[in-house]
Amino acid sequence: MPPPNYKLSSISPAISAFQFPGNQTKSPLKCLTSTTVPEDYFGQMPSTTSNITLAHTDNKDEYIYRNEVVILDKDTKQKLKSMGEIPLENEWTFWYDKFVPNLPATEYEANLQVISSAKTVQKFWSIHNNIDGPDKLGFRSNYHFMKKGIKPIWEDPHNEYGGSYNFKINKYHSVLAWRDILVLLIGENMHWIKNNVLGVSVSCRQHVDNYQIWTAHNNSKIKDNLVKTTLIDLLYPADIQSFYFKMHKSHADFKPTTPTTPTLTLSPIGLRTKVTEESIEKVVQDIERLKLRVQ
């Protein structure tokens, strides 16, 4: 399978409005509620059949949020065009790695490819809007989105003592879920994200996509339920499945890169030899005998 499309173009003003929700009008004609689930707007059949609200739009003045189509009004469009460059708090990098069967863990890092980096809202959307989404990833291939300078590998010094929140999302909702998680990260408004979350990865599977939100630390100071609740609310109507936290060091293939400082081993205090003039004299005599042997 060929790698995803990396062609970049200018930003779409409409999708930028996702950062600045205003009093946009909605288009009920393009929202379809159906008891019979048709083919979705990614050209794939959902794995389950139920009452699902579907949305479809090809118009650059519209975007989909929470399965509804939001249409930009003229004032919002003009405001977006006149705002100029909007800096992000941190610079972020998109990565891609294609699944290679039987690839040794030692060669995983060499298989990673940088797509591009973004330090403004406009650059972020220009990259996101012009590369394939998770629906176009090859089986077991991955997208990664990390703070610049941090590689999506467990052993990176920034990641080594952290872990990841892991969960699955049905492929039917994965493309929009991926987008919304990226926006959550670059916004850095949640206290459990700021100075703790380093990135996110998505990996293609048969019926679901696997997600990992990378953290710099363990989850001892953050309630897992808080993270899960945030994601459930943000990604609605996507279903968050199999949610759990795992430390990177607990993986069998983890290979630490940070040198370990040797621990000085001391005998228990009660067993140490008492230093006396007699013991010092004995040491001096031993040294003198060694000198005689050398001569």
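This briefing describes the fold, the packing and the largest pocket of one protein chain. The model is a predicted one. The protein chain contains 6 helices and 12 strands. Of its 295 residues, 43% count as buried. Among contacts with a separation of 6 or more, 72% are made by residues 24 or more positions apart.

**The sheet**

- An open sheet is formed by 7 strands, which follow the order 7-6-8-10-11-9-12 with antiparallel pairing.
- Strand 7 (113-120) and strand 12 (241-247) are the edge strands, and each of them pairs on one side only.
- From one strand to the next, the twist averages 15°.
- Strand 6 (residues 87-97) runs antiparallel to strand 8 (residues 142-147), and 6 bridges join the two.
- Two residue pairs illustrate this pairing: Thr-93 has Met-146 of strand 8 as its bridge partner, and Tyr-96 stands opposite Tyr-143 in strand 8.
- Strand 6 is also joined to strand 7 by 6 bridges, and these strands run antiparallel.
- Within strand 7, Val-114 is the bridge partner of Trp-95.

**Helices on the sheet**

- Helix 3 packs on the sheet and touches strand 6, strand 7 and strand 8.
- The direction of helix 3 makes about 150° with that of strand 7.
- Helix 3 (residues 121-128) is mostly covered, with 7 of its 8 residues buried.
- The buried residues of helix 3 are Val-121, Gln-122, Phe-124, Trp-125, Ser-126, Ile-127 and His-128.
- Helix 4 (residues 171-187) also packs on the sheet, where it touches strand 6, strand 8, strand 9 (163-170), strand 10 (197-204) and strand 11 (208-215).
- Between the direction of helix 4 and that of strand 10, the angle is about 165°.

**Nonpolar cores**

- In soluble globular proteins, nonpolar side chains tend to be buried together.
- The largest nonpolar core of this model has 43 residues.
- Those that touch the most other members of this core are Phe-124, Phe-145, Phe-167, Val-200, Tyr-211, Leu-231 and Leu-235.
- Helix 4 gives the most to the largest core, contributing 8 residues.
- Val-200 touches residues that include Phe-145, Trp-178, Ile-181, Leu-182, Leu-185 and Tyr-211, when residues up to four places away in sequence are not counted.
- Another core, of 8 residues, lies apart from the largest one, and Met-146, Ile-150, Leu-198 and Trp-214 are among its members.

**A buried loop residue**

- Asn-159 is located in the loop between strand 8 and strand 9.
- Asn-159 counts as buried because its relative accessibility is 0%, and the cut-off for a buried residue is under 20%.
- Leaving aside neighbours within four places in sequence, Asn-159 is in contact with Met-146, Ile-150, Lys-151, Ile-153, Trp-154, Leu-198, Trp-214 and His-248.
- Among these contacts of Asn-159 are Met-146, Ile-150, Leu-198 and Trp-214, which also belong to the core of 8 residues.

**The largest pocket**

- The largest pocket holds about 1100 Å³ of space.
- Its lining comprises 37 residues.
- Of the lining residues, Tyr-108, Asn-142, Trp-154, Gln-212 and Asp-253 lie nearest the centre of the pocket.
- At least two residues of the lining come from each of strand 8, strand 9, strand 10, strand 11 and strand 12.
- Two of the residues nearest the pocket centre, Trp-154 and Gln-212, also appear in the contacts above: Trp-154 is in contact with Asn-159, and Gln-212 is touched by Val-200.

Notes:
Residues are numbered from 1 along each chain as its sequence is written. This is a predicted model: local features need pLDDT of at least 70, side-chain atom pairs count only at pLDDT 80 or more; totals for chains, interfaces and linings use all residues. Side-chain values use heavy atoms; hydrogens and water are left out. Buried means under 20% relative accessible area, exposed over 50%, partly exposed in between (1.4 Å probe, protein chains only). Helices (H or I, at least four residues) and strands (E, at least two) are DSSP runs, numbered from the N terminus. Two strands pair if DSSP finds at least two bridges between them. Axes are lines fitted to C-alpha atoms, for helices over the stretch in contact, and angles run from 0 to 180 degrees between N-to-C directions. Contact means heavy atoms within 4.5 Å. A nonpolar core is a set of buried Ala, Val, Leu, Ile, Met, Phe, Trp, Tyr and Cys residues joined through side-chain atoms within 4.5 Å. On a 1 Å grid over the protein atoms alone, a cavity is a set of points where a 1.4 Å probe fits but cannot get out, and a pocket is an open set with protein on both sides within 12 Å along at least five of seven lines; lining residues have an atom within 4 Å of a point. Grid points are joined across faces, edges and corners, and a volume is the space filled by probe spheres set on the points.
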